[in-house]
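Hello,

Here is the structure I promised to pass on to you. Have a look at it first, and my notes follow below.

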Amino acid sequence: VSDRERYIIEGDFYRGTEKTYDKAIRAYTKVLELYPDDTFAHNGLGLINGGLQEWNQAAEHYRACISKPGAPYLNYENLAGVYAAMGQYDKAEELLRGFLKTAPQTASAYRVLADNFMYQGRYDEALAEAEKAFALAPDIIENHVTMGLAYMLKGDAVRAEDEYKKLLEGALKAGRPWRRGAIIMFYASRGRYKLALEQIGLATEQARQVGEAPWLAMINFFAAWVYSSAGMPGDGLKAAEQAFRRAAADENLGLMRNALWAQGLCLVAMKSLDRAQSKADELKAMAEASMVKGVGSGWREIQARIEIEKGNYGKAVELETAAVAMLPAQSGFSLADGFFYDTLARAYEGAGDLENARKTYERLQALTFGRFASGNLYALSFYRVGMIAEKTGDKAAARKNYEKFLEMWKDADPGLPEPADARRRLAAL
């Protein structure tokens, strides 16, 4: 084995977990000292820097990769993802269009173009690109992920559900239980928590059958969020604890942080503030020990929720403002952004600053990819803006927002308090 091969093997091995990123960086750097143009080393460093949210460095390495004739498509896709995370959507599109001129049959490139349009809220254009991907590769189930999400964000619930059902059919045949995550998020976004929990049960059983234990961590994370949203934070806590144990076994630090975040939020919902504080402290320690930028938003979110429960609204606003400032541009890294805007808006409400609360809910409503994992909060934001409008005497705005919320949740589970209250308030107007 040559020195180059040995260092590449080391880099690829240590890149497998965040806690050994430093060793992977050293190995790839040694390759570049010997061979400055080595694309394997540049790609490895691009992946690591992307994971660290060091976007400029990641882009530099990916550009080195595509400077070589015949560079594989994956290098272009990775660079496009980095451009999106920096909000440079035009650059991402130009890059992918250029690649497609040389390889027009690349279905994946059209799906990434569709994502790029979705980040910008340009859903019809996203669907047009997704249709091109489907025409080239109709058997690829990822096409249904893309089209389902585009329809969901556009507000076409009927077509979104149809695409996600097609995805379920394909995922079942392919033995990919984690693909149920999309329809879980969809059902929750419409207040259909019972169906979301049913899909979680099916995904868990399927994961066990195919022996995909690592994916159970992500499924449990979805379960924690849905249980908590459905008013069952105790069950959510159990699911989040299971997610943490599985993620820890795989040394998946990112998912461990997410699972701790979910535990903290469930504990706040249970009014167990001392235990929630312990999770916030634990997550803060993990964030401070991490090489990754932006991971400090999670502990701030828990802490802000604790401060809201204690009535310390000014402190909550301060914490959550800092958390929101850490979020990158709308991209594949933005799936949970809605949670942070919702917490900030509630902090402003508690402080009596209704104008900033309304503006923050409207910022949540302007999210694209960032409301996929918090679609229920997106819908509920219209309900809460309606109540703010009532308090400020704007009856027309109140009616408009209540009607929009009730339309989105017209098929929600019976017995949920928000639709019932919105209908009562609307009738009173």
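A word on terms before the findings: two residues are in contact when heavy atoms of theirs lie within 4.5 Å. Please keep in mind that this is a predicted model. Of the contacts in the protein chain with a separation of 6 or more, 56% are between residues 24 or more positions apart.

On to the secondary structure. The protein chain has 23 helices and zero strands. Its radius of gyration is 22 Å, close to the 22 Å that the globule rule gives for 429 residues, so the chain is as compact as a globular protein of that length. Measured out along the principal axes, the C-alpha trace spans about 75 × 50 × 45 Å.

What share of the 429 residues is buried? Buried residues account for 54% of them. Two cysteines belong to this topic: Cys65 is buried, with a relative accessible area of 0%, and Cys266 also counts as buried, at 2% relative accessibility. Both values fall under the 20% cut-off for buried residues. As for disulfides, the structure holds zero.

Now for the outside. The accessible surface of the protein chain is about 19,000 Å², and carbon and sulfur atoms contribute 50% of that surface.

Last, the charges. The protein chain carries 55 positive and 57 negative side chains. How far apart do the centres of the two sets lie? The distance between these centres is 3 Å.

Happy exploring, and best wishes

Methods:
Residues are numbered from 1 along each chain as its sequence is written. This is a predicted model: local features need pLDDT of at least 70, side-chain atom pairs count only at pLDDT 80 or more; totals for chains, interfaces and linings use all residues. Side-chain values use heavy atoms; hydrogens and water are left out. A disulfide is a pair of cysteine sulfur atoms within 2.5 Å. Buried means under 20% relative accessible area, exposed over 50%, partly exposed in between (1.4 Å probe, protein chains only). Helices (H or I, at least four residues) and strands (E, at least two) are DSSP runs, numbered from the N terminus. The radius of gyration is taken over C-alpha atoms; the globule rule is 2.2 Å times the number of residues to the power 0.38. Accessible areas come from the Shrake-Rupley method with a 1.4 Å probe; for residues, only the protein chains shown count as cover. Lys and Arg count as positive and Asp and Glu as negative; His and the chain ends are not counted. The place of a charge is taken as NZ of Lys, CZ of Arg, CG of Asp or CD of Glu.
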